[in-house]
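Please work through the exercises below with the sequence and the structure open beside you. Each one sets a task and then gives a solution in steps.

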Amino acid sequence: MTSTPIGCGLLLCALLQVLATESKSHISVILVGATGDLAKKYLWQGLFQSYVEQVGGAHSLSFYGGTRLSSSEGSPAMYEILKGLSCLSNVPSVRCALLKDQFLKSTQYHQLDTLEDYSVLNKKIKEVLAQEGLKEEGRLFYLSVPAFAYADIATKINATCRPRAGSWLRVVLEKPFGHDLGSAQQLAEALQKVLREEEMYRIDHYLGKQAIAHILPFRHDNRHSLDPIWNQHHVERVEIVLKETLDSKGRTSFYEQYGVICDVIQNHLTEILTFVAMETPVNISDSEEIHRNKMKVYASLEKLDKRRAVTGQYQAYNAEVRHELQKPAGYISNVPTFAGIAMFLDSPQWDNVPFILTAGKALDERVGYTRIVFKNQAFCLQNESTRKAEFSQCKQRQIIFYVGHGDLNFPAILVSKNLFKPVIKASSWKQVTEFPDVHMFGLPLSDYYIYTPVMQKDAYAVLIPQILQAKRDSFVNTEDLLASWKVWSPLLKEHSSLSPRLYPGGAQNGDLLDFSVAGRVVSFSRTNPVEIISQNSNHQRVGDYQVIESNFRGSTLVSAKAEELIAKLASYLQQAAQAAVQEFGRFHLAVSGGSSPISLFQRLAAHHYTFPWKRTHFWMVDERCVPLNDPKSNFRSLHDHLLKHLKIPYVNIHPMPVHMNQRLCVEEDHGADLYANEIKMLVNGTSFDFVLLGTGADGHTASLFPNSPALTLGHELVLFSESSVKPHQRMTLSLTAINKAKNVAVLITGKSKHPIVSKMRKEVEKPLKWPITMVRPSVGKLVWFIDYDALLG
């Protein structure tokens with residue numbers, strides 16, 4: 001260890017003595033990618049600050065930087081970065097100089113490319129430990145390299161660089177962790193072959209931002225004030241926002257693969273959502289409890305679809321892509337650089353509260369915050385000028401975790417004074433009492449209790465010590481990662497074929513990107529102006545659709561783009577419901593399963609508030625022989641996409657009894673007979689007011705499949721049938737029951753249905769081959785709703 005120099009000052013000698021004292025244990029930190037942009041900007045500084053904070057602690061540290069470059073190239077580049085290290089403002093300059101010198105002496109460069117290179121590094125670490133007489137506590141490998149290199153490097157570490165028995169190994173991985181569920185699973189499986197779960201630390205630096213890192217401690221310390229109001233009855237919405245003024249220039253290769261959702265929303269903003277929405281941890285230091293609570297949030301998130309999001313792309317993006325990636329002149333990318341998304345939780349605590357996640361590039365300001373907006377439930381009688389204004393219950397009430405930049409320009413936690421005065425740790429946070437002359441969300445800063453960190457730290461300086469301490473709650477484990485991708489992958493798939501709204505960038509965006517959340521539907525507040533859309537021929541003008549009405553197989557045909565077709569069908573269904581209620585006082589609707597009606601259910605839930613829901617009886621056209629809470633259940637789909645969003649008397653809901661006596665679709669249980677009897681008892685003349693059908697690519701409808709014996713049974717209302725795909729057993733209405741209906745609508749969407757639509761159009765009758773052709777209401781009306789993709793291909 002370093003000896004004490006002769007003639008040093010008293011304070012300096014004491015400090016050197018601390019540095020020279022042999023620690024009980026030693027940690028080796030290896031930064032792979034030591035000369036990269038991230039290492040240069042943040043990682044070496046974060047490692048140095050961690051070193052400064054632990055001087056005189058329970059363990060000593062040594063540092064190794066590595067790249068694929070030889071020592072003659074890599075070493076000078078690394079030490080050039082280290083020269084620029086700095087201390088926090090609370091560290092005296094003399095002490096800082098000494099600490100920096102000691103850090104440089106504790107750091108060395110190694111080429112890290114081949115398996116042999118890692119073996120040489122392992123030998124060097126062992127030599128240092130032996131020479132200094134140190135006991136190894138663990139090794140920390142920080143992989144600041146592209147994600148495609150993770151598995152290869154982890155394999156080399158596992159083969160050559162594991163520490164001695166009883167010591168720990170921790171490998172830090174930078175995002176991105178895949179670009180969808182499949183790629184994330186593939187990467188996770190490759191890593192799990194060579195690393196244990198507790199050895200992997202997927203770092204999300206945004207969770208190290210001081211205001212974000214304090215969300216859970218703040219909730220825990222203020223739970224007596226927050227628990228009564230942290231729910232749907234008091235919270236109006238939660239906003240999680242990350243705005244950037246920079247564009248993607250120089251990073252288009254990355255952005256073309258990931259886009260704004262994968263870049264910052266799926267990871268940074270979604271993790272913050274879990275911190276806000278999870279149950280308040282009993283033990284804020286228990287990483288396992290925090291993880292369990294987080295997983296409950298993921299399990300309760302409602303499925304995302306394209307109606308929950310709006311996307312945009314700054315106008316210069318395509319030109320940048322064509323230039324940087326050498327794409328042809330006509331190349332057009334649909335990758336979004338802006339997104340606004342509303343997420344909802346199927347949770348009694350958060351029912352109907354929108355969590356609005358927003359991020360984008362080339363916006364008007366750089367700012368990040370998480371804002372909890374509370375409902376204004378007070379009626380204030382007295383004139384505002386005669387009361388203490390800042391405590392007025394009629395003013396907006398909110399809590400803001402402010403990352404920094406923007407008008408405030410420093411990290412802070414803000415609490416409306418008309419909520420409560422928060423409990424906050426004075427050792428790490430101080431109250432702001434002198435306010436800049438700015439307003440935050442329409443209110444002067446004097447209306448808030450404002451707290452800022454006693455010492456501002458970079459996110460990596462916050463997170464790296466947590467890795468050394470094995471605190472995992474700010475890191476993403478495999479289960480967490482895959483749960484998040486399961487939420488986001490369906491939306492990414494749907495939006496990959498949609499054209500984002502173009503915006504000019506910066507202050508010129510105006511209100512072009514403003515959006516609203518109505519029910520479960522997110523939409524831009526302003527119609528897209530033609531002058532911007534016209535610059536990209538792939539972008540369609542709003543309202544340039546046309547609805548075609550003619551005939552198909554002798555009955556009425558309605559055709560349009562899918563979204564407009566669904567709107568037309570929803571209106572048609574509401575008209576039928578209102579007519580039936582006016583005449584008979586109730587409306588009996590039978591709906592089929594599959595994916596086709598989901599968009600209709602969502603449209604009805606979001607837009608048709610005047611539908612006579614309380615007078616509507618819901619019946620199933622068919623059902624798979626699975627429990628009703630199974631994801632494959634047709635009733636489960638109806639419930640999740642429509643029923644749970646409406647106030648419908650439970651006696652009006654009639655699922656098929658496929659699960660009886662703890663058995664599925666056993667004929668001796670007489671489930672089909674029970675359903676038929678219920679229809680006979682409640683449905684006038686067993687004639688449904690409206691039956692909604694679809695058709696498969698093979699021409700089946702309901703669960704009546706080609707050449708099925710069920711097609712020839714004319715006297716039954718409800719039957720058992722079998723499908724060629726799992727689950728094979730089904731319960732279904734018969735053709736007799738369907739053809740007695742007063743209105744029948746057949747909904748067919750998607751290009752995959754074009755072949756069967758073309759065949760049905762050309763050939764008049766194929767009853768056993770195509771059961772859908774046997775749908776011919778005896779006295780009712782049949783209307784075909786076929787979108788352009790299915791009709792025209």
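The exercises that follow concern a predicted model, and each solution can be traced residue by residue.

**Exercise 1. Determine which residues of helix α6 are buried, and how they are arranged around the helix.**

Solution. Begin with the span of the helix, which runs over residues 150-160, and pick out its buried members, namely Y150, I153, A154, K156, I157 and T160. Next, look down the axis of α6: the buried residues fall within an arc of 160°, so they line one face of the helix. Finally, ask what these residues pack against; the partners are β1 (25-32), α5 (115-132), β4 (136-143), β5 (168-174) and α7 (181-192).

**Exercise 2. Give the order of the strands in the open sheet of seven strands, and describe its edges.**

Solution. Reading across the sheet, the order is β3-β2-β1-β4-β5-β6-β18, and the pairing is mixed. The edges are held by β3 (107-111) and β18 (475-476), each of which has a single partner strand, so one side of each is left without a neighbour in the sheet. For a detail of the pairing, take β1 with β2 (residues 59-67): these strands pair in the parallel sense over eight bridges. Here S28 stands opposite S62 in β2.

**Exercise 3. Find which residues touch the most other members of the largest nonpolar core, and which helix gives the most to this core.**

Solution. The largest nonpolar core has 113 residues, and within it F355 and W488 touch the most other members. The helix that gives the most to this core is α11 (residues 252-277), with 14 residues. To follow W488 further, leave aside residues up to four places away in sequence; W488 then touches I261, I265, Q266, T270, L304, I341, M343 and L357. A second, separate core of 80 residues includes F552, I679, M731 and L735. As background, nonpolar side chains in soluble globular proteins tend to be buried together.

**Exercise 4. Classify the ring pairs W44 with F103 and W230 with W350, and locate the partners along the chain.**

Solution. The structure holds 25 aromatic pairs. In one of them, the ring centres of W44 and F103 are 6.3 Å apart and the planes stand at 80°, which is over the 60 degrees required, so the pair is edge-to-face. The two partners come from distant parts of the chain, 59 residues apart, with W44 in helix α2 (residues 37-54) and F103 in helix α4 (residues 93-105). W44 is buried, with a relative accessible area of 1%, and F103 is buried as well, at 0%. Together with F48, Y51 and F63, these residues form one aromatic cluster.

The rings of W230 and W350 have their centres 6.4 Å apart and their planes at 80°, so this pair is also edge-to-face. W230 lies in the loop between α10 (223-226) and β7 (235-243), while W350 lies in the loop between β9 (338-343) and β10 (355-360), 120 residues apart. Both W230 and W350 are buried.

**Exercise 5. State where D286 is found, and whether D286 is buried, partly exposed or exposed.**

Solution. D286 is found in the loop between α11 and α12 (287-300). Its relative accessibility is 27%, and since the partly exposed class lies between 20% and 50%, D286 counts as partly exposed. As a last step, turn to K471, which is 185 residues away along the chain from D286: the C-alpha atoms of D286 and K471 are separated by 8.7 Å.

Notes. Residues numbered from 1 in each chain as written. Predicted model: local features only at pLDDT ≥ 70, side-chain atom pairs only at ≥ 80, totals over all residues. Heavy atoms only, no water. Buried < 20%, exposed > 50% of the residue type's maximum accessible area, 1.4 Å probe, protein only. Helix = DSSP H or I, 4+ residues; strand = E, 2+ residues; numbered from the N terminus. Arc of directions from axis to C-beta. Contact = heavy atoms within 4.5 Å. Core = buried A, V, L, I, M, F, W, Y, C linked by side-chain atoms within 4.5 Å. Phe/Tyr/Trp six-rings, centres within 6.5 Å; stacked < 30°, edge-to-face > 60°. Pairing = 2+ DSSP bridges.
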